[in-house]
Amino acid sequence: MTHDTSRRWQMLVIALVIGYLIWLLSPVLMPFAVAAMLAYLGDPLANRLQRLGMSRAWAASVVFLVLLLVLVGVLLLLIPLISRQIENLIENLPRYSQWAQQTAWPWVQQKLHLDPRMFDSDQLLVAFKAHMGSIGDFATTVVGKVSRSGMDIVLWMTNLVLIPVVAFYLLRDWHRLVGTIDRMLPRWIEPTIAHLAHESDKVLGAFVRGQLLVMLALGIFYGAGLTLVGLSVGLLIGIVAGLLSFVPYLGFIVGFGAAIIAVLVQYGDWSHVLLICGVFAVGQLLEGYVLVPRLVGGKIGLHPVAVIFAVLAGGYLFGFLGVLLALPAASVIVVLLRYLLERYRLSELYTEEGPEDPALSGQTEVEVDVTVRNVGDTATESALKPGKVDPKAP
């Protein structure tokens, strides 16, 4: 084993150990991951304040205060609006149930030729009453488990308090931490890591900041558009559609489906349905041709299928933390894959030319001796060339 091969194996082992530790500690990494994202988002503004003459500590304090005020302002603005929307939704639940029972289910039954008893509300009510006992036992079990998990609630609250504290310290010492990591890297690989980190920073900057702005803009547009149409829960549906828009088409599908159901229950006419279709059609055009090209750009290179896979894989491996970090991690992986593809194209494995394959050259004809027996069991031997068939063969 050469020295270069040995070094690569050592780096691979170190990377696997770090990945295993991250997977092992994923349940407690949530506040640190969220804090790191906040610090990353605030670092450019802190750098600008530093260039204006502020110390890093004062710049971090100002940025942290701005982020905190923005967060508190958004919560104070959205919580009353969302609470009213949820109250409105709860009040209209009987209307949704009546619409589903009298309009939607009979239509589905007629189109799909289903058994009418499948949607019999009386049978559903009887089945529900029959299982009330098991539901009650399940609820008792859940309540008992929740009451016994007071420590989990305390841990959750502790994590909530930890996020701003850790974010402030990470923001204040961001460049110091990056410099420490740079000094710990082996010198032979440091230029490559620095190049990949720079490329990843450009991709993440385009993605994280741009995608947050896209989600905010779509949430405002859908909420305002559905409210102007006259939908009573339009703001709630618009906010949900905007928040889910980080997964391609998920926000559109969920928001459009919920808005269609809500407008059919509230109005029941085709004119309002067409208005809902118009709002979401304009929203898709706005996202595809204005918001994403201007705010996110074309530097990500993530196919929609890759985005969906990244979110599902991150959630399966790391839970909510994986969902939160799936797309940023996928963006960095794209940078690494581009680098590995370039290395492959420069390697001998790709550039070295081998001998010509005689089977593909078309210049060498190999004669094959084939023994053919006729009906009279008389053996005749003939030399057949490739692509030719003996006409006397049975």
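These legends accompany several close-up views of one predicted model. Local features need pLDDT of at least 70 and side-chain atom pairs count only at pLDDT 80 or more, while totals for chains, interfaces and linings use all residues. Residues are numbered from 1 along each chain as its sequence is written, and side-chain values use heavy atoms, leaving out hydrogens and water.

**View 1. Helix α9 and the glycine after it.** Let us start with one of the 16 helices in the chain, which also has two strands; helices (H or I, at least four residues) and strands (E, at least two) are DSSP runs numbered from the N terminus. The 40 residues of α9 should span 58 Å at 1.5 Å a residue, and its end C-alpha atoms, 57 Å apart, agree with that; the expected span is 1.5 Å times one less than the number of residues. Gly230 follows α9 with a positive phi, near 110°.

**View 2. A salt bridge within α9.** Here Glu199 pairs with Lys202, their closest N and O atoms being 3.5 Å apart; a salt bridge is a side-chain nitrogen of Lys or Arg within 4 Å of a carboxyl oxygen of Asp or Glu. About one helical turn separates Glu199 and Lys202 because they are three residues apart in α9. Glu199 is partly exposed at 26% relative accessibility, as is Lys202 at 36% (buried means under 20% relative accessible area, exposed over 50%, partly exposed in between, with a 1.4 Å probe and protein chains only).

**View 3. A buried pair between two helices.** Now look at Arg56 and Asp43, whose side chains meet in a salt bridge (2.8 Å, N to O). This pair joins helix α3, home of Arg56, to helix α2, home of Asp43, across 13 residues. Both Arg56 and Asp43 are buried.

**View 4. A salt-bridge network.** Arg172, Asp173 and Arg176 are linked by salt bridges. The Asp173 and Arg176 side chains meet at 3.8 Å, N to O. Asp173 counts as buried, at 13% relative accessibility, whereas Arg176 is exposed, with a relative accessible area of 60%.

**View 5. Two nonpolar cores.** The largest nonpolar core (buried Ala, Val, Leu, Ile, Met, Phe, Trp, Tyr and Cys residues joined through side-chain atoms within 4.5 Å) has 24 residues, and Leu171 and Leu327 have the most contacts inside it. Elements giving two or more residues to this core include α7 (150-172) and α14 (320-346). A second, separate core of 21 residues includes Val233, Ala241, Phe280 and Leu291.
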